[in-house]
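Reader: I'd like a close look at one helix in this structure and at the contact it takes part in. Could you walk me through that part?

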Amino acid sequence: MSEIKKIIKGCLAGNRRDQELLYRRHAAKLYAVCLQYSGNDEEARDILQEGFIKIFENLEHYKYEGSFEGWMRRITVNTALEKFRSRHNLYRVDDIDTIQEPDAEPDNQDYAGLEANDLLEIIRELPTKYRMVFNLYAIEGYSHNEISKMVNITEGTSKSNLSRARVILQRRVGSYTGIKKKVANE
Amino acid sequence: MNEKEANIDLLFRNGLKDFEVLPPPGVCNNILSAVKIKSRPYIFLKVAAAITVVLTLSFLTYRWSREVSFEPSSSVIAFNVPVSPPVLYNPIDNPQYLLKGKINPVKNSSDVLTETDNQAPVQMEIETTFSPGQILNIKETKGLYLDRNETTNDLILLSLNTSAINSAKVKYPDLQYFPDNTITKPVKRWSIEAMASPTYYSNFNSGSDALSKQLTSSEQSLVSYSGGVAFSYKISKRFSIQSGLYYSSLGQKIDGINSFSGFQQYQISKGAPNFEVLTASGTVYTNNPDVFLSANGTNRVLTAYTNDVFDPKKASLQPVNNSLDQNFSYLELPVILKYKILDKTIGINLIGGLSYNLLVSNSVYTTVDGTKYSIGKTEGLNPLTLSSSLGMGMEYNLSGKLSLNLEPTFRYYLNPFNVTTGSFIHPYSFGIFSGVSYKF
């Protein structure tokens with residue numbers, strides 16, 4: 001029996017040590033996903049907590065087919081989406097509409113020197129709706145049709161949000177790279 | 001444009017692939033405590049199942065032993081056929097059937113203890129007037145009967161067996177079989193006992209990491225105690241099974257943790273614990289906002305109020321103590337097997353078994369002049385642990401029903417209380433249980 005199977009069986013039996021072991025092995029990766037989908041650390045922590053509780057509660061449904069890490073990631077992303085959907089009505093329309101779009105395409109396409117931390121910071125600066133669609137499309141690989149059902153928007157809105165997200169990201173990546181280069185030159 | 005879009009997607013996809021960020025401390029405990037509540041019914045089911053199995057086994061064993069005790073043997077059935085009374089060999093003609101020595105005089109009431117190979121002893125109290133030729137008691141293949149010696153005219157107790165019956169020469173047509181007024185009383189198999197013990201509690205550290213060694217080196221056992229009530233059932237002459245309910249309180253002192261009072265006016269957190277203290281049994285979270293904690297030369301106290309941020313002496317906090325007391329209370333459900341090595345006035349038993357230990361409370365406090373000041377709780381403890389026990393019991397029979405017991409017992413916890421440091425720290429305890437037991 002593989003080690004992960006042993007851990008899962010231990011978790012199912014209520015073994016505290018195995019539950020802790022499972023958490024310690026995967027929490028860091030899943031927390032990075034949570035940060036990617038949330039606007040602040042507190043929200044990310046809530047998603048991680050709720051996501052892990054769901055993982056433990058649904059372990060019996062895991063069929064040992066495909067990647068276990070992928071299975072956990074899907075649960076975490078779904079938890080983030082649930083949180084987004086529950087709060088969606090509370091967002092003011094102008095939260096999104098008043099975002100100023102960049103005037104021009106960024107010239108600088110040299111992304112060298114950008115680290116994962118920088119990318120995370122950039123992606124978290126996106127407005128929530130843009131961030132959700134960009135994450136689901138560009139990182140998770142869902143289609144616009146799937147995203148429209150997951151986020152309760154039309155396919156057109158999904159495409160539009162993605163397009164706006166990309167433009168904002170390109171501009172911010174450009175400015176980040178510029179700042180980094182300037183700091184390096186100094 | 002499409003290429004640029006693909007580039008930005010790829011940049012984030014690849015850049016964030018396998019990216020890891022350590023989650024804040026405390027999240028793990030929040031998750032596991034929430035999961036713990038969910039998994040409790042499952043644990044209780046296991047405990048309930050174990051109790052059911054023990055009780056069922058005890059009941060079945062009891063029924064089985066009762067049936068065996070009262071099941072008439074084949075020879076008895078043969079003797080009770082009234083239509084054709086057995087033809088008996090005259091024992092007087094064959095001296096091998098004569099018992100050694102005479103039973104003279106034979107009393108009108110006497111106790112005869114019989115024991116077969118596969119059953120517990122059954123005391124047969126015979127209250128009847130014997131007449132010559134009457135069978136007193138019949139074993140599986142043998143019986144005893146009284147007759148008068150023709151030469152001495154004394155009553156003698158004679159035995160007979162089936163082979164003798166088959167080769168009978170002398171008939172006793174008016175032989176009386178199995179007196180109807182024979183009363184049998186089973187031996188007392190159940191007993192209840194109350195036991196208590198002071199306990200020495202410590203732990204084995206199977207890990208090799210520096211943190212766990214550092215933690216265990218500054219922890220000392222406090223005087224702990226254990227006590228409860230147990231029922232035992234005698235399965236056979238030597239074996240008995242015991243179960244019951246015990247309450248155990250285990251504790252340890254954690255040295256090198258300074259505590260101060262008067263911190264409430266400075267603390268700004270709302271609800272969250274201000275201090276976390278790493279111990280071998282788990283992480284202690286403070287719940288008393290008035291307490292400030294610091295460690296002597298170690299980093300086992302985690303807090304936002306570090307030395308560079310807050311100095312308790314400058315803030316004129318009142319020093320309270322330089323150690324913490326950690327206490328855990330468990331309800332124990334033991335299943336113990338006892339083997340009687342010596343069965344005299346002083347009996348000696350070998351004792352071994354398993355116990356389910358259900359955590360019922362845990363507290364952390366500091367003691368000043370005999371008064372306990374609450375500090376907080378140890379989080380992340382296993383709600384249910386399994387322990388094995390091994391011991392030797394001495395039993396002094398005060399009477400047929402009452403006895404004094406003394407049981408030095410070593411107990412080893414099979415699963416650790418917690419896995420804080422990655423090492424497996426297995427607690428153990430040693431106690432000398434003493435108490436009384438009552439047989440019924």
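Author: Here is a tour of that helix, followed by the chain contact. This is a predicted model, so to speak of local features we want pLDDT of at least 70, side-chain atom pairs count only at pLDDT 80 or more, and totals for chains, interfaces and linings use all residues. Residues are numbered from 1 along each chain as its sequence is written, with chains lettered from A and ligands numbered from 1 in the order in which they are written.

The helix is H7 of chain A, residues 128-139; helices (H or I, at least four residues) are DSSP runs, numbered from the N terminus. With twelve residues at 1.5 Å each, H7(A) should span 16 Å (1.5 Å times one less than its number of residues), and its end C-alpha atoms sit 15 Å apart, which agrees.

H7(A) is mostly covered, with eleven of its twelve residues buried, meaning 20 or more other C-beta atoms, placed from the backbone, lie within 10 Å of a residue's own. Among them are A:Lys129, A:Arg131, A:Phe134 and A:Ile139. Just after H7(A), A:Gly141 takes a positive phi of about 85°.

Now the contact: it takes 33 residues from chain A and 29 residues from chain B, counting two residues as in contact if their C-beta atoms, placed from the backbone, lie within 7 Å. H7 is one of the elements giving two or more residues to chain A's side, along with helices H2 (16-37), H3 (41-58), H6 (116-124) and H9 (155-185) of chain A. The largest share, twelve residues, comes from H2(A).
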